[in-house]
Amino acid sequence: MSKRVRTRFAPSPTGYMHIGNLRTALYAYLIAKKDGGDFILRIEDTDQERYVEGAVDVIYDTLKIAGLNWDEGPDIGGPVGPYVQSERMGMFKSYAEELVKTGHAYYCFCDKERLDEVRKIQEASRIAPMYDRHCRDLSPEEVQAKLDAGVPYVIRQKMPLDGTTTFHDEIYGDITVENSTLDDQILIKTDGMPTYNFANVVDDHLMGITHVVRGNEYLSSAPKYNLLYEAFGWDVPTYVHCAPVMKDQTHKLSKRNGDASFQDLMEKGYLPQAVLNFIALLGWAPTGEQEIYTLDELKQVFSISGISKSPAIFDSQKLRAINAAYVHKMTPEEFQEAAVPYIRQTVKRTDIDLPLLCSVLQNRTEVFSDIPEQVDFIDQMPEYNLEMYRHKKMKTTPETALEALQAVLPVLEGVDTWDVEHIHEVLFAKIAEMGVKNGWMLWPVRTAVSGKQFTPGGGVELCAILGKEDTLNRIRSAIDTLSAACAK
């Protein structure tokens with residue numbers, strides 16, 4: 001019987017949720033959930049220098065908004081807590097001392113001055129810097145004498161000096177390294193605290209983690225992890241090392257370069273489910289042509305075998321396209337609820353037809369932050385160039401626009417029931433009467449009431465949204481302006 005799948009997401013609370021971090025969380029979540037397993041959240045907060053106040057809440061909020069609900073974690077507990085690494089500190093030293101007893105680790109008493117001197121010599125000799133194993137073969141008596149004298153020490157892993165270590169990664173296959181290249185890494189620091197690498201291994205074992213998903217920058221550490229697992233006699237987890245998410249062919253995504261975090265994307269008006277769908281495709285390829293997946297669908301179709309060895313490029317145009325697909329599938333009620341806060345950034349009027357405005361906006365919205373600029377003409381007409389009335393495809397000029405608007409004004413003044421249906425009816429009756437093309441009349445109307453080339457909806461819808469009084473005032477103003485221009 002196979003073991004129950006248990007994966008973990010173990011972020012450090014250093015400020016914000018990087019897109020690559022969220023992808024790691026998503027893949028770990030999907031691997032667990034595809035097989036009905038457990039997804040664990042562990043906070044790795046031992047690097048106090050990089051700790052950022054409030055960052056743990058950012059982690060919680062991001063995962064919740066994304067829908068990646070954890071089965072065990074700091075806030076909900078579980079059978080293998082505590083789930084915050086700083087609260088687990090007491091146990092690590094005893095595990096390291098166990099390795100000392102079995103000959104897989106040793107006490108190192110070298111001070112900083114000596115280590116700096118060794119490093120300088122190695123750099124001058126162009127030797128790869130690593131510990132020179134000065135304390136590796138101290139006799140038990142020498143070790144005990146230094147311990148009794150209170151000499152500060154670290155505990156180092158005793159790497160094999162020859163042969164090779166092979167480990168298997170689900171994406172990269174079998175990887176073999178020469179043991180002679182492995183440094184005797186520190187497991188316990190002079191203050192008694194574990195290093196990140198050591199705490200990770202012990203915690204993953206104690207929490208029963210079966211699959212470890214992380215960035216491929218940890219590939220070089222995997223042999224050391226394996227040797228620790230073997231030294232303890234523990235099962236080695238399944239490794240899934242993912243290639244990075246890149247801004248372009250040569251640059252990784254980074255907050256320092258202004259690249260978007262998950263929070264930033266939410267503030268820009270992306271939908272969380274669309275961002276999650278997009279992130280899933282950053283380095284993972286589904287078997288078919290489908291690209292739009294709900295989280296529940298991803299649980300069914302996701303497979304480790306679809307993850308690529310190659311770095312993924314963050315394609316903002318593809319993200320927009322995926323987000324647009326989600327926006328266009330929303331119900332009118334869902335869209336209006338999401339869109340109104342963005343509409344209200346530039347539209348303060350309360351007399352407009354909001355449901356109608358939302359109905360014309362929905363299919364023209366890719367990201368909600370596009371909305372304020374699309375509707376800013378509603379409260380106040382923008383300054384615009386009369387050349388906008390000149391449209392090659394519609395065969396309009398400022399002169400024909402003036403003629404069209406002068407014909408339209410009395411027709412619209414006579415409309416009693418001001419809605420799309422009645423405005424459409426009278427405008428198209430006038431078009432038929434004059435024997436002109438639709439665009440010849442409707443383009444000038446649209447331009448006159450919006451002052452924009454690109455609007456949510458055509459002239460008919462814009463008139464209905466603005467209301468009768470405002471529409472007529474704007475058309476009269478356009479007629480005055482065009483008359484003055486054409487008279488010159």
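Which residues does Trp 440 touch, not counting residues up to four places away in sequence? The first legend answers this; each view is taken from a predicted model.

**View 1. Surroundings of Trp 440 in helix H17 (residues 438–450).** Not counting residues up to four places away in sequence, Trp 440 touches Met 394, Lys 395, Thr 396, Thr 400, Glu 403, Ala 404 and Met 434. Trp 440 has a relative accessibility of 11% and counts as buried, because buried means under 20%. The C-alpha atom of Trp 440 is separated by 94 Å from that of Leu 147, and the two residues are 293 apart along the chain.

**View 2. Lys 395, one of the residues that Trp 440 touches.** Lys 395 sits in the loop between H14 and H15. Its phi is positive, about 60°, although Lys 395 is not a glycine. With a relative accessible area of 64%, Lys 395 is exposed.

**View 3. Packing of helix H15 (residues 398–413) and helix H19 (residues 468–487).** The axes of H15 and H19 are 9 Å apart and make an angle of about 150°. Angles over 145 degrees count as roughly antiparallel, so H15 and H19 fall in that class. Their crossing is left-handed. H15 contributes residues including Leu 402, Leu 405, Leu 409 and Leu 412, and the residues met in H19 include Leu 472, Ile 475, Ile 479 and Leu 482. The residues of this contact divide into 13 nonpolar, 3 polar and 4 charged.

**View 4. The salt bridge between Arg 88 and Asp 203.** The closest N and O atoms of Arg 88 and Asp 203 are 2.6 Å apart. Arg 88 belongs to the loop between H2 and H3, Asp 203 to helix H6 (residues 196–206), and the pair links parts of the chain 115 residues apart. Both Arg 88 and Asp 203 are buried. Salt bridges with shared partners join these two residues with Arg 8, Arg 42, Glu 44 and Asp 204 into one network.

**View 5. Two further salt bridges, Asp 71 with Lys 33 and Glu 366 with Arg 320.** A search of the whole structure finds 25 salt bridges. Asp 71 and Lys 33 meet at 2.7 Å, N to O. Asp 71 is in the loop between helix H2 (55–66) and helix H3 (92–101), and Lys 33 is in helix H1 (residues 19–34), 38 residues apart. Asp 71 is partly exposed, at 34% relative accessibility. For Glu 366 and Arg 320, the closest N and O atoms are 2.8 Å apart. Glu 366 lies in the loop between helix H13 (354–362) and helix H14 (371–374) and Arg 320 in helix H11 (residues 316–329), so this pair ties together parts 46 residues apart in sequence. Glu 366 is partly exposed, with a relative accessible area of 33%.

**View 6. Helix H9 (residues 272–280) and the helices around it.** In H9, 8 of 9 residues are buried. Among them are Val 275, Leu 276, Phe 278 and Ile 279. The buried residues of H9 pack against H1, H2, helix H8 (262–267), helix H10 (295–301) and H11.

**View 7. Backbone geometry at Pro 82 and Arg 126.** Most residues other than glycine have a negative phi, and most peptide bonds are trans. The bond from Gly 81 to Pro 82 is cis, with omega near 0°, and Pro 82 is in the loop between H2 and H3. Arg 126 has a positive phi, near 55°. Arg 126 is placed in the loop between helix H4 (112–124) and helix H5 (140–148), and is exposed with a relative accessible area of 80%.

Key. Residues numbered from 1 in each chain as written. Predicted model: local features only at pLDDT ≥ 70, side-chain atom pairs only at ≥ 80, totals over all residues. Heavy atoms only, no water. Salt bridge = Lys/Arg side-chain N within 4 Å of Asp/Glu carboxyl O. Helix = DSSP H or I, 4+ residues; strand = E, 2+ residues; numbered from the N terminus. Buried < 20%, exposed > 50% of the residue type's maximum accessible area, 1.4 Å probe, protein only. Contact = heavy atoms within 4.5 Å. Axes fitted to C-alpha atoms, helices over the stretch in contact; angles between N-to-C directions. Parallel < 35°, antiparallel > 145°, perpendicular 65-115°, else oblique. Left-handed = near helix turned anticlockwise from the far one by under 90°. Nonpolar A, V, L, I, M, F, W, Y, C, P; charged D, E, K, R; others polar.
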